[in-house]
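Student: I've got a new model open on my screen and I'd like to learn how to read it. Can we go through it feature by feature?

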Amino acid sequence: MTVYDGDGGAGAGPGPAPADEAVPIATGAAAIPRPIRSFVLRQGRFSPAQERACREFLPVYGIDYAPRALDLDAAFGRRAPVVLEIGFGMGETTAAIAAAQPATDFLGIEVHGPGVGALLARVHAQSLANVRVICHDAVEVVTHMIAPESLAGVHVFFPDPWPKKRHHKRRLLQAPFVRLLAQRLVAGGYLHVATDWEDYAHAILAVLTAEALLFNTAADFAPRPDTRPITKFEARGARLGHGTWDLVFRRR
Ligand SMILES: C[S@@+](CC[C@H](N)C(=O)[O-])C[C@H]1O[C@@H](n2cnc3c(N)ncnc32)[C@H](O)[C@@H]1O
């Protein structure tokens with residue numbers, strides 16, 4: 001498979017002037033509005049190791065995006081609980097969690113090509129048989145490839161905060177997508193979100209609380225579950241006095 005090129009290149013993150021914001025695709029007679037995405041792809045810089053990992057290991061651990069239901073048992077070569085991770089970044093946390101939970105399968109979705117390479121390199125180096133990777137927009141993957149009531153859990157760690165008010169519409173965790181995620185969980189399955197942006201944390205808490213399919217496992221924010229390792233980025237933030245908010249909800 002190839003890395004995602006939905007916006008013409010690799011590299012992701014909240015950019016200063018999202019190119020696709022409210023910009024219609026000109027078609028001459030009519031204009032079709034582009035969907036508002038939670039990421040902006042920019043030309044990403046692959047290290048030689050990341051490039052090699054994509055070339056060698058995407059055919060082994062990668063799953064191509066296709067707008068049809070994915071057979072999870074076939075994808076992992078066994079029947080086991082599957083946890084979906086959205087936006088794994090460089091895959092540091094993904095690999096650590098997958099190594100600690102060999103009986104669970106982890107499906108990671110990321111649009112940032114160098115990050116995909118970084119996770120693939122870790123998966124290979126640690127011989128992790130329980131990780132698969134899709135390089136595509138998670139909203140499309142969840143909509144078209146993940147069957148209802150098929151996931152044991154969903155991880156969304158440090159989603160892009162889109163701090164400017166006019167960009168809040170790009171935030172990943174909004175009611176329609178949360179409803180979709182909730183429908184993909186088995187009964188009792190969990191949705192674990194972590195963010196270091198206080199106002200996004202409160203917005204997420206409100207959206208998850210309003211979702212009738214979910215219930216909160218805590219009074220509001222949850223203590224960090226031991227299953228989520230602290231990243232270097234988070235440790236540095238903590239030293240600077242920044243907070244982190246974990247939310248753990250389950251499907252009724
Ligand atoms: C702020 S980073 C956090 C990365 C990682 N989870 C961590 O904790 O370090 C957010 C990541 O989500 C990815 N992302 C944002 N929207 C996405 C989408 N719709 N589908 C897949 N990945 C997405 C971005 O490319 C970026 O790597």
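Tutor: Sure, and let's settle one term before anything else: helices and strands here are DSSP runs, at least four residues for a helix and at least two for a strand, numbered from the N terminus. Keep in mind that this is a predicted model. With that term in hand, you can place L128 in the loop between helix 4 and strand 5.

Student: Is L128 buried or exposed, or something in between?

Tutor: In between. A residue is buried if 20 or more other C-beta atoms lie within 10 Å of its own, and exposed if 12 or fewer. L128 has 18 C-beta neighbours inside 10 Å, so it counts as partly exposed. Leaving aside neighbours within four places in sequence, L128 is in contact with A95, A98, A99 and V123. Its C-alpha also sits 8.1 Å from that of P102, although the two are 26 residues apart in sequence.

Student: What is unusual about the backbone of S127?

Tutor: Start with the general idea: most residues other than glycine have a negative phi. S127 has a positive phi of about 50 degrees, and it is not a glycine. S127 is in the loop between helix 4 and strand 5, and it is exposed, with 7 other C-beta atoms within 10 Å. W162 is another non-glycine with a positive phi, about 40 degrees. You'll find W162 in the loop between strand 6 and helix 6, partly exposed with 19 other C-beta atoms within 10 Å.

Student: Let me zoom out. How many helices and strands does the chain have?

Tutor: The chain comes to 8 helices and 9 strands. Buried residues make up 39% of its 252 residues. Among contacts with a separation of 6 or more, 79% are between residues 24 or more positions apart.

Student: And how do I read the sheet? In what order do the strands come?

Tutor: The general idea is that strands of a sheet pair through backbone hydrogen bonds, either parallel or antiparallel. Here 7 strands form an open sheet in the order 5-4-3-6-7-9-8, with mixed pairing. The edge strands are strand 5 and strand 8, each pairing on one side only. Neighbouring strands are turned by 20 degrees against each other on average, direction ignored.

Student: Which pairs of strands show the mix?

Tutor: Try strand 6 and strand 7, which pair in the parallel sense over 6 bridges; H155 stands opposite H192 in strand 7. Then look at strand 7 and strand 9: they run antiparallel and are joined by 6 bridges, with T195 opposite W245 in strand 9. Strand 8 and strand 9 pair in the antiparallel sense too, over 3 bridges, and F215 has R250 in strand 9 as its bridge partner.

Student: What about strand 5, at the edge?

Tutor: Strand 5 pairs with strand 4 in the parallel sense over 4 bridges, and G108 stands opposite V133 in strand 5. The chain gets from strand 4 to strand 5 through helix 4, in a right-handed β-α-β crossover. Both faces of strand 5 are covered: V131 and V133 on one side, R132 and I134 on the other, are all buried.

Student: Which residues touch the most other members of the largest nonpolar core?

Tutor: As a rule, in soluble globular proteins nonpolar side chains tend to be buried together. In this chain the largest nonpolar core has 59 residues, and L84, L119, L120, V133 and I204 touch the most other members. Helix 4 gives the largest share of this core, 6 residues. Look at L120: beyond its neighbours within four places in sequence, L120 is in contact with A53, C54, F57, L58, Y61 and V133.

Student: How do I tell which side of a helix faces inward?

Tutor: Find its buried residues and check where they point. In helix 5 they are A138, V141 and M145. Seen down the axis of helix 5, they fall within an arc of 75 degrees, so they line one face of the helix. The buried residues of helix 5 pack against strand 3, strand 4 and strand 5. For contrast, click on helix 8, which is hardly covered: the count of buried residues among its 8 residues is 0. Just after helix 8, G241 takes a positive phi of about 90 degrees.

Notes: Residues are numbered from 1 along each chain as its sequence is written. This is a predicted model: local features need pLDDT of at least 70, side-chain atom pairs count only at pLDDT 80 or more; totals for chains, interfaces and linings use all residues. The arc is that of the directions from the helix axis to the C-beta atoms. Two residues are in contact if their C-beta atoms, placed from the backbone, lie within 7 Å. Two strands pair if DSSP finds at least two bridges between them. Axes are lines fitted to C-alpha atoms, for helices over the stretch in contact, and angles run from 0 to 180 degrees between N-to-C directions. A crossover is right-handed if, with the strands pointing away from the viewer, the path from the first strand over the helix to the second runs clockwise. A nonpolar core is a set of buried Ala, Val, Leu, Ile, Met, Phe, Trp, Tyr and Cys residues joined through C-beta atoms within 7 Å.
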